[in-house]
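Reader: Before I accept the labels attached to this structure, I would like to see how each of them is justified. Could we go through them in turn?

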Amino acid sequence: MLPTTAAASAPPPLPAPAPGEPHAALFLALGYMRLPELLACWRVCRLLGEAVAGDTLLWRRVAVEPPLSNRVTDEILAKLTARAEGTLRSLHLVGCSRVSDAGLLRVVEQNPRVTELYVPTCTGLTGDGVVKIVQLLHEHKGNIDHLRLNGISRMSKHHLDVIMSLMSKGNPQVQQDRSPLFYNHRAHEVLNTNDERPIDVDVCPLCTNVRLVFDCTKDDCRKVKHSLLRCRGCYFCITRCEKCGACISSEDRTEADLACSDFMCLDCWLTHAKCSSCNRPYCERHENLMVPLSMPGQFSCQRCAELGASLESQEDGY
Amino acid sequence: MDSTADPKGKRPLYQEDGLAYARAAAAAASATAAAAPDEEEAKPKPKPSSSSEEAKPEPEAEDQAEMPPLVLVAEDGVEVSISRRAARMSHMLRLLMEDSCADGPIPAPNVHSDILDLVVQYCEKHGPYYDPEASERARNPFPPFPVELTPTVSSIKPVTYVDPDPHGLKDWDKDFISLDNSTLFEVILAANYLNIEDLLDLGTTTVADMMRGKKPEEIREIFEIENDYTPEQEAELRKENAWAFED
């Protein structure tokens with residue numbers, strides 16, 4: 001049977017539930033709910049509450065996302081993960097700035113079989129702390145398969161080397177699995193990267209900081225064999241097109257001007273709808289800032305719209 | 001047979017069968033055959049080269065297509081038949097077929113015939129594209145979160161991104177699962193009993209989606225659940241999880 005909840009493995013379900021009681025299917029759905037909904041269900045009625053609180057299988061994967069992220073402190077995290085009673089497998093903390101190294105270390109000590117640790121933009125964590133955690137897991141013969149460390153503070157090449165060596169000791173395939181990472185206009189929104197790579201960050205070959213390092217999507221750049229000449233760099237070192245992830249040359253950068261101050265390569269720039277006054281488009285991430293005009297299909301950017309409105313009000317004043 | 005190309009395991013596995021049917025239908029019918037059989041006929045030309053690879057699954061596929069459909073008996077005695085290809089989607093039925101116990105009527109207690117009809121409809125639609133080995137559950141032990149994000153948002157993918165839904169099943173699924181609550185629950189329970197992963201995922205993520213962003217009172221209203229906590233217990237719970245419910 002499916003390893004969702006203990007209720008799922010029960011014998012044939014009861015017929016129609018008594019009125020006012022939750023249907024058996026709701027218990028099955030508990031395994032598919034995110035954290036806020038799970039906590040809400042806890043308070044709905046006694047049966048659901050017992051199912052939520054008592055079922056360790058539900059708490060094997062804990063994912064804290066905004067808006068709950070900045071409310072989670074070390075104690076709250078410890079309480080949440082205690083429900084798994086040592087069987088925690090996967091922990092996702094997105095942007096939990098109040099979680100510290102010590103808190104996370106305590107959680108991992110209680111649950112040494114964690115295989116997946118996603119802590120992007122948790123600025124309370126440091127490189128030292130993460131190294132300690134990976135070392136602890138290695139000592140307990142744990143198997144950490146997936147790490148996401150983009151955005152934690154004070155991470156250096158040394159930390160990354162130690163982490164990679166520890167991960168590859170447990171898992172010899174780790175070194176070969178370096179599939180290319182392409183920039184996407186949503187790369188800033190750090191959500192669950194569903195790909196199978198063991199670790200997301202790398203050392204940028206240009207600035208030697210530990211960041212997300214992107215490969216280029218242009219055919220010419222992809223064909224380059226020599227690793228030193230390859231078009232590979234972090235977000236700050238190589239300007240990339242918001243839409244297709246290709247590198248942008250300096251001439252293109254002056255030509256392809258965007259209303260939102262992001263960057264786009266010339267090919268993508270030509271295809272986007274532009275403001276009728278200043279001829280600059282918005283990138284996909286900022287599409288919602290477009291101000292529609294009376295002619296269908298035409299729009300104006302925010303700045304031109306404000307300029308137009310202030311000119312009109314000046315004229316009215318006369 | 002690259003399973004990484006199709007994360008959901010939706011791949012036209014039994015094209016050869018479809019072609020056999022299509023050729024027979026085209027031969028029997030007049031020249032007013034629809035575009036579909038013509039397209040499928042055009043497909044076998046590149047296929048013969050790979051037929052040697054597919055020699056193993058082919059005889060099995062042909063056997064399955066020829067054998068009679070399974071018969072499921074609902075709780076009200078009504079019999080519902082399901083083709084073998086569609087029955088592969090149910091883990092339980094698949095095991096029964098492998099053990100050759102699937103020849104007689106198979107009881108499905110606690111499942112009403114209307115619900116069984118719906119389930120069979122789902123399986124028939126998804127059956128031809130179902131590949132048990134490439135199923136995502138085998139690689140990822142956790143059930144999927146209800147994901148509203150489009151693929152470009154939820155992960156950084158290359159420009160040469162393979163469409164995970166080449167047969168347009170997602171839209172069909174969305175229409176299929178827009179049922180009233182009680183029917184939806186029954187479908188979930190039936191899928192759980194017959195162990196149909198995909199339908200169970202679909203149903204439960206729909207239910208979980210219904211609850212997104214809702215407070216306990218609202219959840220009680222939607223699903224008609226009575227609050228049987230004592231006021232003290234409620235106060236305690238609220239204190240314990242106060243951090244999650246600050247507004």
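**Reasons behind the labels**

Author: Salt bridges link Asp202(A), Asp215(A) and Arg232(A) into a network. The model is a predicted one, and every value discussed here is computed from it.

Reader: What makes Arg232(A) and Asp202(A) a salt bridge?

Author: The side chains of Arg232(A) and Asp202(A) meet at 3.1 Å, N to O, and a side-chain nitrogen of Arg within 4 Å of a carboxyl oxygen of Asp is what the term requires, so the label applies. Arg232(A) lies in the loop between helix 8 (219-223) and strand 7 of chain A, while Asp202(A) belongs to strand 5 of chain A, so the pair ties together parts that are 30 residues apart in sequence.

Reader: How do you know that Asp215(A) forms a salt bridge with Arg232(A)?

Author: The closest N and O atoms of Asp215(A) and Arg232(A) are 3.2 Å apart, which is to be set against the limit of 4 Å. This pair also links distant parts of the chain, with Asp215(A) in the loop between strand 6 and helix 8 of chain A and Arg232(A) in the loop between helix 8 and strand 7 of chain A, 17 residues apart.

Reader: Why are the three members of this network called buried or partly exposed?

Author: Asp202(A) has a relative accessible area of 17% and Asp215(A) one of 11%; buried means under 20%, so both aspartates are called buried. Arg232(A), at 23% relative accessibility, counts as partly exposed, because that term covers the range between 20% and 50%.

Reader: Which sheet does strand 5 of chain A belong to, and what makes a strand of that sheet an edge strand?

Author: Strands 5, 6 and 7 of chain A form an open sheet in the order 5-6-7, with antiparallel pairing. Strand 5 (201-203) and strand 7 (233-234) of chain A are the edge strands, since each pairs on one side only.

Reader: How do you know that strand 5 and strand 6 of chain A pair?

Author: Three bridges join strand 5 of chain A to strand 6 (residues 210-214) of chain A, and at least two bridges are needed for two strands to pair, so the criterion is met. Within strand 6 of chain A, Val210(A) is the bridge partner of Val203(A).

Reader: Why is the salt bridge of Lys157(A) and Asp161(A) said to span about one helical turn?

Author: Lys157(A) and Asp161(A) are four residues apart in helix 7 (residues 157-170) of chain A, so about one helical turn separates them. In general, an α-helix has 3.6 residues a turn, so residues three or four places apart point the same way. The side chains of Lys157(A) and Asp161(A) meet at 3.2 Å, N to O. Lys157(A) counts as partly exposed at 45% relative accessibility, and Asp161(A), with a relative accessible area of 41%, is partly exposed as well. The structure holds seven salt bridges over all chains.

Reader: What makes the aromatic pair of Tyr282(A) and Phe299(A) tilted?

Author: The planes of Tyr282(A) and Phe299(A) are at 35 degrees, and the rings are 6.4 Å apart centre to centre. The limit for a pair is 6.5 Å, and angles under 30 degrees count as stacked and over 60 as edge-to-face, the rest being tilted, so the pair falls into the tilted class. Both Tyr282(A) and Phe299(A) are buried.

Reader: Why is the pair of Tyr122(B) and Phe176(B) called tilted?

Author: The ring centres of Tyr122(B) and Phe176(B) are 5.6 Å apart and their planes stand at 40 degrees, so this pair is tilted. Tyr122(B) lies in helix 7 (residues 113-126) of chain B and Phe176(B) in helix 9 (residues 169-176) of chain B, 54 residues apart. Tyr122(B) counts as buried at 2% relative accessibility, and Phe176(B) counts as buried at 8%. Ring pairs link Tyr122(B), Trp172(B) and Phe176(B) into a cluster.

Reader: How do you know that Pro105(B) is exposed?

Author: Pro105(B) has a relative accessible area of 57%, and exposed means over 50%, so the term holds. Pro105(B) lies in strand 3 (residues 105-107) of chain B.

Key:
Residues are numbered from 1 along each chain as its sequence is written. Chains are lettered from A and ligands numbered from 1 in the order in which they are written. This is a predicted model: local features need pLDDT of at least 70, side-chain atom pairs count only at pLDDT 80 or more; totals for chains, interfaces and linings use all residues. Side-chain values use heavy atoms; hydrogens and water are left out. Helices (H or I, at least four residues) and strands (E, at least two) are DSSP runs, numbered from the N terminus. Rings of Phe, Tyr and Trp (its six-membered ring) pair if their centres lie within 6.5 Å; planes under 30 degrees apart count as stacked, over 60 as edge-to-face and the rest as tilted. Buried means under 20% relative accessible area, exposed over 50%, partly exposed in between (1.4 Å probe, protein chains only).
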